[in-house]
Amino acid sequence: MEAQVLAALHEASGPATAAWVQERLGGDLAYTTVMTILSRLHAKQAVTRERSGRAYVWIPAADEAGLAALRMRRVLDGEPDRDAVLTSFVSALSAHDEQLLRALLDHATADGPAPADDRGTTGRPAASTEPGTRPAPHRPHHRPHPSGEAHGG
């Protein structure tokens with residue numbers, strides 16, 4: 001249901017009311033259900049809201065790609081071994097996705113340093129110092145998936 005509500009908000013020409021979203025979805029959902037979904041999306045930072053009289057108007061916080069990235073960050077943040085998850089994710093990228101990721105990281109590094117508390121001397125994110133964590137290994141070359149098929153998004 002969250003995806004349907006977000007899709008409706010993306011169709012809006014500007015900020016939308018909960019009643020507008022309910023109408024756009026065909027009116028099958030109760031108004032209180034739509035408000036609950038919008039409130040949950042707001043808590044997840046997927047939408048923003050502004051006062052308009054006594055009600056709120058709702059705005060998607062990001063495009064579809066930004067929302068997918070937000071979901072990925074939430075999954076990563078919820079994992080106890082962040083380094084292992086990132087290592088596994090990167091090792092399963094297709095050659096194209098790996099090249100794109102490398103280019104994006106190179107571009108981000110070239111744009112200037114991040115705040116000193118987030119970066120090491122290499123200009124890349126500093127290794128975690130939390131107990132039980134280890135830095136992700138460097139992957140100089142793409143390793144094909146064991147099935148021989150390219151996997152990735």
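Q4 sits in helix α1, and in this predicted model it makes a handy place to start. With a relative accessible area of 47%, Q4 is partly exposed; the cut-off for exposed is over 50%, so Q4 stays in the middle class. Across from Q4 comes V21, 17 residues further apart along the chain, with 9.4 Å between the two C-alpha atoms. The residue just before Q4 in the numbering, A3, also belongs to α1. A3 comes out as exposed, because its relative accessible area is 58%. A3 pairs up over a longer stretch of chain with L41: 38 residues separate them in sequence, and 9.7 Å separates their C-alpha atoms.

Stepping back to the whole chain, there are 6 helices and 2 strands. Read from the N terminus, the order is α-α-α-β-β-α-α-α, with the two strands placed between two sets of helices. Of the 153 residues in the chain, 19% are buried. As for contacts between residues at least 6 apart in sequence, 49% link residues at least 24 apart.

Now for the inside. The largest nonpolar core counts 17 residues, and L9, V21, L38 and L41 have the most contacts within it. Helices α1, α2 (18–24) and α3 (31–43) each supply two or more residues to this core. In soluble globular proteins, nonpolar side chains tend to be buried together.

L9 is a good guide to this core. This leucine is found in helix α1 and counts as buried, because its relative accessibility is 2%, where the buried class means under 20%. Setting aside neighbours within four places in sequence, L9 contacts A16, V21, L38, V47, W58 and P60. Two of these partners, V21 and L38, are also on the list of residues with the most contacts inside the core. The link to W58 spans 49 residues of sequence, yet the C-alpha atoms of L9 and W58 are 7.5 Å apart.

V21 tells the story from the other side. Leaving out residues within four places in sequence, V21 is in contact with V5, A8, L9, A16 and V34. A16 therefore turns up as a partner of both L9 and V21.

Which residues make up the aromatic pair? The structure holds 1 such pair, formed by Y56 and W58. Their rings are 5.8 Å apart centre to centre, with 55 degrees between the planes, and the arrangement is classed as tilted. The two partners differ in how they meet the surface: Y56 is partly exposed, because its relative accessible area is 24%, whereas W58 is buried at 0%.

Another tryptophan, W20, has its place in helix α2. W20 is partly exposed, because its relative accessible area is 26%. Not counting residues up to four places away in sequence, W20 touches A8, E11 and A12. A8 is thus shared with V21, which also contacts it. W20 and V57 are 37 residues apart in sequence, and 9.6 Å apart from C-alpha to C-alpha.

On to the pockets. The second largest pocket has a volume of about 170 Å³. Two elements give two or more residues to its lining, namely α1 (2–11) and α4 (64–77), and α4 gives the most, with 5 residues. The full lining consists of E2, A3, L6, A7, L41, K44, A46, E64, L67, L70, R71 and R74. Sorted by class, the lining has 7 nonpolar and 5 charged residues, and no polar ones. A3 and L41, the pair described at the start with C-alpha atoms 9.7 Å apart, both help to line this pocket. L41 also ranks with the residues that have the most contacts inside the largest nonpolar core.

What stands out about the backbone at Q45? Its phi is near 65 degrees, a positive value in a residue other than glycine. Q45 has its place in the loop between α3 and β1 (47–52). Q45 counts as exposed, because its relative accessibility is 57%. In the numbering Q45 falls between K44 and A46, and both of those residues are on the list for the pocket lining.

Notes:
Residues numbered from 1 in each chain as written. Predicted model: local features only at pLDDT ≥ 70, side-chain atom pairs only at ≥ 80, totals over all residues. Heavy atoms only, no water. 1 Å grid on protein atoms, 1.4 Å probe; cavity = no way out; pocket = protein on both sides within 12 Å on 5 of 7 lines; lining within 4 Å. Points joined across faces, edges and corners; volume = space filled by probe spheres on them. Helix = DSSP H or I, 4+ residues; strand = E, 2+ residues; numbered from the N terminus. Nonpolar A, V, L, I, M, F, W, Y, C, P; charged D, E, K, R; others polar. Core = buried A, V, L, I, M, F, W, Y, C linked by side-chain atoms within 4.5 Å. Buried < 20%, exposed > 50% of the residue type's maximum accessible area, 1.4 Å probe, protein only. Contact = heavy atoms within 4.5 Å. Phe/Tyr/Trp six-rings, centres within 6.5 Å; stacked < 30°, edge-to-face > 60°.
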